[in-house]
Amino acid sequence: MIGRLRGILIEKTAPEILMECHGIGYEVTMPMTSIYALPELNQEAIVYTHFVVREDAQLLYGFANKVERRLFRLLIKVNGVGPKLGLAILSGMSADQFVSCVIHDDLTTIVKIPGVGKKTAERLLIEMRDRLKDWQGDIQTPATDAMPIMSSGDLSFANDNKGDAINALVSLGYTSGQADKAIKAVYQQGMSSEDLIRDALKSMI
């Protein structure tokens, strides 16, 4: 099991990054909240990981801290929720925000997440309510070397920021039409891909 990576950040192409650790490059898929927290390229980064082995692939999911990783692991235990949907949830809101939705039975916000219908949202609220009973302590005491969520940073995407932002949203489960509409609604001259993705997600959740 690969539980943690510490190395140099080589590439960021949301929702994936490439980290070099002792000469080995690891491709890691991350929620946007964690990508926002990463340092600039060619800087050292720490990523907490969840390793998934399937018949056709070996996948590595990364998170800025142990809190997000724990929530992801709880989410994928819910019937009908896989890693892709777990990433979509954590890309649209922080761990604290999701926990708040569960505590307040906020079905309206949950169903706005791509891939979450009413039945899945109801199942999430019911199953996660019991699993999050002791969550408050974890939120108040994050890992000491965890990076802050939603901090600014340069995603260093290619020149076509709008196109890269749309591709990132599609990778998270939105349709091309939804992604295009959301990016156009928030776009302003000079915005980075990071800002476009963040504002588009906020407008849809």
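A salt bridge here is a side-chain nitrogen of Lys or Arg within 4 Å of a carboxyl oxygen of Asp or Glu. Keep that in mind for the first three close-ups, which come, like the others, from a predicted model. A search of the whole structure finds six salt bridges, and three of them are shown below, followed by views of the backbone.

**Figure 1. Glu44 and Arg6 pair up between two strands.** The closest N and O atoms of Glu44 and Arg6 are 3.3 Å apart, and the two residues form a salt bridge. Glu44 belongs to strand E4 (residues 44-53) and Arg6 to strand E1 (residues 4-13), so this contact ties together parts that are 38 residues apart in sequence. Both partners can be found with some surface showing: Glu44 is partly exposed, with a relative accessible area of 47%, and Arg6 is partly exposed at 48%.

**Figure 2. Arg54 meets Asp56 in a salt bridge.** Here the closest N and O atoms lie 3.1 Å apart. If you look at the accessibility of each partner, Arg54 is partly exposed at 43%, while Asp56 is exposed, with a relative accessible area of 61%.

**Figure 3. Glu127 and Arg131 form a salt bridge within helix H6.** The N to O distance between these side chains is 3.5 Å. Helix H6 covers residues 118-131, and because Glu127 and Arg131 are four residues apart in this helix, about one helical turn separates them. Glu127 has a relative accessibility of 25% and counts as partly exposed; Arg131, at 27%, is partly exposed too.

**Figure 4. A cis peptide bond joins Ala14 and Pro15.** Take a moment with the backbone here: omega is about 5° for this bond. Pro15 sits in the loop between E1 and strand E2 (16-21).

**Figure 5. Asn42 has a positive phi without being a glycine.** Its phi value is near 70°. You will find Asn42 in the loop between helix H1 (32-36) and strand E4. The residue is exposed, with a relative accessible area of 56%.

**Figure 6. Asp105 is a non-glycine residue with positive phi.** For Asp105, phi is about 50°. To locate this residue, look in the loop between helix H4 (95-103) and helix H5 (107-110). Asp105 is partly exposed, and its relative accessible area is 42%.

Methods: Residues numbered from 1 in each chain as written. Predicted model: local features only at pLDDT ≥ 70, side-chain atom pairs only at ≥ 80, totals over all residues. Heavy atoms only, no water. Buried < 20%, exposed > 50% of the residue type's maximum accessible area, 1.4 Å probe, protein only.
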